[in-house]
Amino acid sequence: NRHDLIDLHNLKDPTTEIELISIVGHGTYGKVHKGKHKKSGKLVAIKIMRVQEEEEEDLKMEIRFLRKYSDHKNIARYFGAFVKKGGNNQEDELWLVMELCGSGSVTELIKSNKGNLKENWIAYICKGILAGLAYLHDNHVIHRDIKGQNVLLTDESIIKLVDFGVSAQLDKTLAKRRTFIGTPYWMAPEVISCEDNPSATYDSRSDLWSLGVTAIEMAEGKPPLSNLHPMRALFLIPRNEPPRLQNKRKWSLEFQDFVARCLDKNFRTRPDAVRLLTHKFIANVDEIKVR
């Protein structure tokens, strides 16, 4: 296994094994650092967040779950979760150690390309996201937080999903301390409805709605409704007509159809990841390099 270079089982203090090099990003829950595994010399990414002691076991259990399902080409590998104890009444730090994706997130790629991506790049990225989702869904795992920020690229331009599942556990664990976590712009209408209606349901196809919104984010630089307050967006997503690409003449009919199929408001008729991988917009993608 390509990841066996790093063995971080039962590590009590991550600083004995991991050297922090620099901050490379800021996520919903804390800073992301580039670091080095001292023993192997391998570069890794470390997400560091402050937690209270009673939260640690729940979160570490979630990371063990992440490790189990992160050995796929299109999913960033999680090596482990470790706690660095805080002194002098400071909160502990939870360190999530994972594969370093050197080319950053899709959101960063959009910014560096003047606010949108070319259609063949979008198709390539969507294909990588779908392959990762098909694997997760086959293992009965819903990602729950597909958006440009959670789709990373390696130096070889391989698409990697991060933060699958963990966002749900973190939301539950940390919600009591924070009034609002994350952003709703990518959330499927049926997921939002579940907040108001206990009898409502959703399944893994909620990730495909988020993919459709991410496709619009790549094409237009931001998701629909992002100019509105998050609570207003939460109210409107289940009530509005599903969003579409605004500039019809700029994009192919295949791309427009792909977005429309992802953004079917009825999740029961929305195609799943395996079916979407056969869509013309995706099926004809060459393994181009995204640069």
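Phe281 is a good place to start: with a relative accessible area of 6%, this residue is buried, a word used for anything under 20% relative accessible area, judged with a 1.4 Å probe and protein chains only. The model is predicted, so local features need pLDDT of at least 70 and side-chain atom pairs count only at pLDDT 80 or more, while totals for chains, interfaces and linings use all residues. Residues are numbered from 1 along each chain as its sequence is written, and side-chain values use heavy atoms, leaving out hydrogens and water.

Which residues share an aromatic cluster with Phe281? They are Trp251, Phe255 and Phe258. Rings of Phe, Tyr and Trp (its six-membered ring) pair if their centres lie within 6.5 Å; planes under 30 degrees apart are stacked, over 60 edge-to-face, and the rest tilted. The whole structure holds 4 such pairs, including these two:

| Pair | Centre to centre | Angle between planes | Type |
|---|---|---|---|
| Phe255 and Phe281 | 4.6 Å | 10 degrees | stacked |
| Phe258 and Phe281 | 5.2 Å | 45 degrees | tilted |

Phe255 belongs to helix α8 (residues 253–262) and Phe281 to helix α10 (residues 280–283), so their pair ties together parts 26 residues apart in sequence. Phe258 is also in helix α8, so its pair with Phe281 links parts 23 residues apart. Phe255 is buried, and Phe258 is buried too, at 0% relative accessibility.

Now for the chain as a whole. Buried residues make up 48% of its 291 residues. Its 10 helices and 7 strands are DSSP runs, numbered from the N terminus: helices are H or I with at least four residues, strands E with at least two.

Notes. Buried means under 20% relative accessible area, exposed over 50%, partly exposed in between (1.4 Å probe, protein chains only).
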